[in-house]
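Subject: Structure for you to look at

Hello,

Here is the structure I said I would pass on. Please open it first, then read the notes below it.

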Amino acid sequence: MALTLYVDTARWRDHHHQVREQFPGIVPVCKGNGYGFGHERLAEEAIRFGSDILAVGTTYEAARIKDWFSGDLLVLTPFRRGEEPVPLPDRVIRSVSSVDGVHGLVGARVVIEVMSSMKRHGVSEEDLPKLHAAIEDVRLEGFAIHLPLDRTDGTDAVEEVIAWMDRLRAHRLPLHTMFVSHLKSSELARLQQQFPQTRFRARIGTRLWLGDEEATEYRGAVLDVTRVSKGDRFGYRQQKAAGDGYLVVVAGGTSHGVGLESPKALHGVMPRAKGVARAGLATVNRNLSPFVWAGKQRWFAEPPHMQVSILFVPADAPAPQVGDELVAHLRHTTTQYDRVVER
């Protein structure tokens with residue numbers, strides 16, 4: 001009995017094709033846990049649709065993926081002096097976000113990140129005059145800009161890229177290639193039209209691999225079902241059942257990523273109110289699980305165990321049977337499944 005990732009492979013690949021059509025020259029991103037599919041699988045898919053380059057998060061990821069992908073590998077984490085050296089082939093391209101980083105990579109292939117409104121890392125406008133001498137000692141593959149997902153101030157993503165293109169051009173820096181992130185296809189087309197001599201390459205991960213939510217589904221197998229009455233004690237902490245119903249043991253626990261959730265940015269009154277309500281329920285040990293049965297997300301009976309979760313299904317709902325599978329709404333980037341089933 002397992003936590004299973006079901007993949008509608010034909011639909012999943014059709015979505016890849018649609019995204020590639022919208023973003024010519026796309027740079028597929030394979031980082032972290034491979035967006036839930038694993039590095040090897042995504043490398044195979046990138047080869048399958050003919051990509052010449054694959055972006056990875058770290059040098060450690062590049063060291064693993066180099067044996068599965070024979071094209072160029074772009075490391076997205078910027079180089080820092082003093083980092084642990086990792087043996088990598090010449091086809092690996094390093095990102096740099098400072099003039100010092102460029103000086104530290106003599107002879108290497110590099111992409112120079114500029115500071116966007118993300119304000120995460122990047123070369124500043126003040127540093128541009130220093131880049132002329134620095135890039136003479138590296139093989140410059142292009143510049144890059146990583147843009148924010150949301151623009152609550154109403155600013156235009158394209159205008160931000162144009163402003164940086166104008167700065168780079170004013171300092172007579174080469175503009176043959178610009179790597180961009182978080183642009184719409186229409187925005188990318190606007191940039192390409194305005195700068196026909198520059199090749200814009202969109203680095204895309206989530207939209208490419210996870211953009212069609214209907215192509216994938218997690219399900220946890222039911223391992224045991226025990227009927228309980230109100231007041232019965234159960235579980236590690238011997239809590240009392242809140243009412244009559246069933247304790248349902250389902251595959252999927254903390255080792256799979258069940259119960260793990262990253263903080264969310266909440267916008268608007270209603271989402272904030274729901275967030276407050278969920279936090280209040282958690283203080284009395286009421287936590288909603290990701291598992292769905294009979295059309296409803298069911299509550300954890302107690303915090304998830306390492307490999308299983310115990311859910312409470314009230315008596316007014318049909319009882320699951322051992323061997324049934326419950327759909328689970330899980331985040332791909334934090335989930336470790338037991339098996340994959342292609343459909």
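**Glutamate 302 and its surroundings**

Glutamate 302 sits in the loop that runs between strand 15 (296-300) and strand 16 (308-314). Helices (H or I, at least four residues) and strands (E, at least two) are DSSP runs, numbered from the N terminus. Before going further, note that this is a predicted model, in which local features need pLDDT of at least 70, side-chain atom pairs count only at pLDDT 80 or more, and totals for chains, interfaces and linings use all residues. Residues are numbered from 1 along each chain as its sequence is written, and side-chain values use heavy atoms, with hydrogens and water left out.

What is the nearest side chain of opposite charge to glutamate 302, and how far away is it? It is arginine 237, at 6.4 Å, and glutamate 302 has no salt bridge although it is buried. Three terms are needed here:

- Buried means under 20% relative accessible area, exposed means over 50%, and partly exposed is in between (1.4 Å probe, protein chains only).
- A salt bridge is a side-chain nitrogen of Lys or Arg within 4 Å of a carboxyl oxygen of Asp or Glu.
- For charge, Lys and Arg count as positive and Asp and Glu as negative, while His and the chain ends are not counted.

The side chain of glutamate 302 does make a polar contact with the side chain of histidine 305, at 2.6 Å. A polar contact is a pair of N or O atoms within 3.5 Å; within protein, one must be able to donate a hydrogen and the other to accept it, and residues adjacent in sequence count only if both atoms are side-chain atoms. The glutamate 302 side chain also reaches the backbone nitrogen of tyrosine 236, at 3.2 Å. Leaving aside neighbours within four places in sequence, glutamate 302 is in contact (heavy atoms within 4.5 Å) with Gly235, Tyr236, Arg237, Gln239 and Ile310.

**Salt bridges**

The count of salt bridges comes to 21. Three of the pairs are described here.

Arginine 109 pairs with aspartate 72, with the closest N and O atoms 3.0 Å apart. Arginine 109 is in strand 6 (residues 109-114) and aspartate 72 in strand 4 (residues 72-75), so this pair links distant parts of the chain, 37 residues apart. Arginine 109 is buried, at 13% relative accessible area, whereas aspartate 72 is partly exposed, at 21%.

Arginine 203 forms a salt bridge with glutamate 113, and here the closest N and O atoms are 3.5 Å apart. Because arginine 203 lies in strand 9 (residues 199-204) and glutamate 113 in strand 6, the pair ties together parts that are 90 residues apart in sequence. Both arginine 203 and glutamate 113 are buried.

Arginine 219 forms a salt bridge with glutamate 325, the closest N and O atoms being 3.7 Å apart. This pair, too, links distant parts of the chain: strand 10 (residues 216-228) holds arginine 219, strand 17 (residues 325-328) holds glutamate 325, and they are 106 residues apart. Arginine 219 is partly exposed, with 23% relative accessible area, and glutamate 325 is partly exposed at 27%.

There is also a network of salt bridges that links Arg13, Arg41, Glu45 and Glu342.

**Helix 2 and isoleucine 53**

In helix 2 (residues 39-48), the buried residues include Arg41 and Glu45, along with His39, Leu42, Ala43 and Ala46. Among the elements that cover them are helix 1 (9-22), helix 3 (59-65) and strand 18 (339-342). Glycine 50, just after helix 2, takes a positive phi of about 80°.

Isoleucine 53 is in strand 3 (residues 53-56) and counts as buried, at 3% relative accessibility. Leaving out residues up to four places away in sequence, isoleucine 53 touches Val27, Pro28, Phe69, Asp72, Leu74, Ile93 and Arg201.

**Cores and domains**

The chain is divided into domain 1 (7-208) and domain 2 (214-340), with bounds that come from an automatic or database domain assignment. Their centres, taken over C-alpha atoms, are 38 Å apart. Nine residues of domain 1 are in contact with eleven residues of domain 2.

A nonpolar core is a set of buried Ala, Val, Leu, Ile, Met, Phe, Trp, Tyr and Cys residues joined through side-chain atoms within 4.5 Å. The largest one has 89 residues, of which Phe37, Ile112, Leu131, Phe143, Phe200 and Trp209 touch the most other members. Helix 6 (residues 157-170) gives the most to this core, with seven residues. Both domains give residues to this core, so it lies between them.

Regards
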